[in-house]
Amino acid sequence: MDALTKLSVLGLVLSAGLLAMACVKADRVRAWRARVNPSAEELPDAAFVVARVALVATAGVGVYLGVQAFGVSDDASWDDSELTSAVQGATDALDGGSGHGDMYADDPDSDTGWIDEYATKIEDEVVEHGGSDAPQSGVDATPADYNTASKARYRVTASGAGTAYCLTVTRTRSKDGDYKPPGIGGGEGTLTIPSYDFTVTTRQEAC
């Protein structure tokens with residue numbers, strides 16, 4: 001339960017307490033005041049009417065704000081079904097994709113610089129496939145410690161959801177997609193931007 005939900009629950013509990021106070025009979029209040037302060041002036045019936053109206057109105061405002069806060073909390077948090085659907089959609093969208101590596105790396109096929117960049121790509125895809133009711137943030141794709149240049153695993157979580165997923169991304173060299181920028185004189189350049197294909201799978205467990 002997040003902080004906003006806890007605050008909403010507290011507000012509803014307090015509102016219930018105010019309604020309970022509004023239901024206390026006037027004779028009981030008068031008897032209590034007489035025991036505590038026998039010399040106090042007698043309260044008129046009008047005072048009890050005003051007090052009840054104020055208590056009920058305050059409780060009504062508390063209930064309204066509590067319900068609104070529940071809605072805000074729901075919009076800001078993921079649930080398990082939303083995350084499950086979003087992760088599956090992101091997996092399908094990313095699987096079979098391609099991209100270029102770092103042409104300035106000493107050994108592009110051993111370069112792991114793509115791993116952190118791909119984490120951001122996963123997060124964006126999950127958010128995009130979350131649907132209209134899911135939050136537009138709160139997704140984390142954390143790379144595993146034992147990733148390599150050819151295979152990386154990411155633990156995907158979302159704020160509010162109790163489920164975690166492991167996305168496995170396999171990067172395969174695809175020379176057919178290599179790109180050679182033209183040289184300064186307009187002819188074929190000497191640098192090659194390597195191309196890679198990506199295979200993405202997911203499972204519901206820790207990486």
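A disulfide joins cysteine 166 to cysteine 207, with an S to S distance of 2.1 Å. The model is predicted. One disulfide is present in the structure. Such a link is a covalent bond between the sulfur atoms of two cysteines. The link of cysteine 166 and cysteine 207 is right-handed, with 120 degrees about the S-S bond. Distant parts of the chain are connected by this pair, whose members lie 41 residues apart. Cysteine 166 sits in strand β4, which spans residues 165-173. Cysteine 207 falls in the segment after β5, the strand of residues 195-203.

The two ends of the bond were also assessed for accessibility. Cysteine 166 has a relative accessibility of 0%. Cysteine 166 is therefore buried, as the limit for that class is under 20%. Cysteine 207 reaches 31%. Cysteine 207 counts as partly exposed because this value lies between the 20% and 50% limits. The bond thus joins a buried cysteine to a partly exposed one. A further cysteine, cysteine 23, has a relative accessibility of 65%. Cysteine 23 is classed as exposed because its value is over 50%.

The surface also carries a nonpolar patch, formed by Leu7, Leu10 and Leu14. Together these leucines have about 310 Å² of accessible area. Leucine 14 is placed in helix α1, which runs over residues 3-22. The relative accessible area of leucine 14 is 53%. Leucine 14 is exposed because this value is over 50%.

Definitions and conventions: Residues numbered from 1 in each chain as written. Predicted model: local features only at pLDDT ≥ 70, side-chain atom pairs only at ≥ 80, totals over all residues. Heavy atoms only, no water. Patch = residues over 30% accessible without salt bridge, like charges linked within 9 Å, V, L, I, M, F, W, Y side chains within 5 Å. Areas by Shrake-Rupley, 256 points an atom, 1.4 Å probe, with all protein chains shown as cover. Salt bridge = Lys/Arg side-chain N within 4 Å of Asp/Glu carboxyl O. Helix = DSSP H or I, 4+ residues; strand = E, 2+ residues; numbered from the N terminus. Buried < 20%, exposed > 50% of the residue type's maximum accessible area, 1.4 Å probe, protein only. Disulfide = S-S within 2.5 Å.
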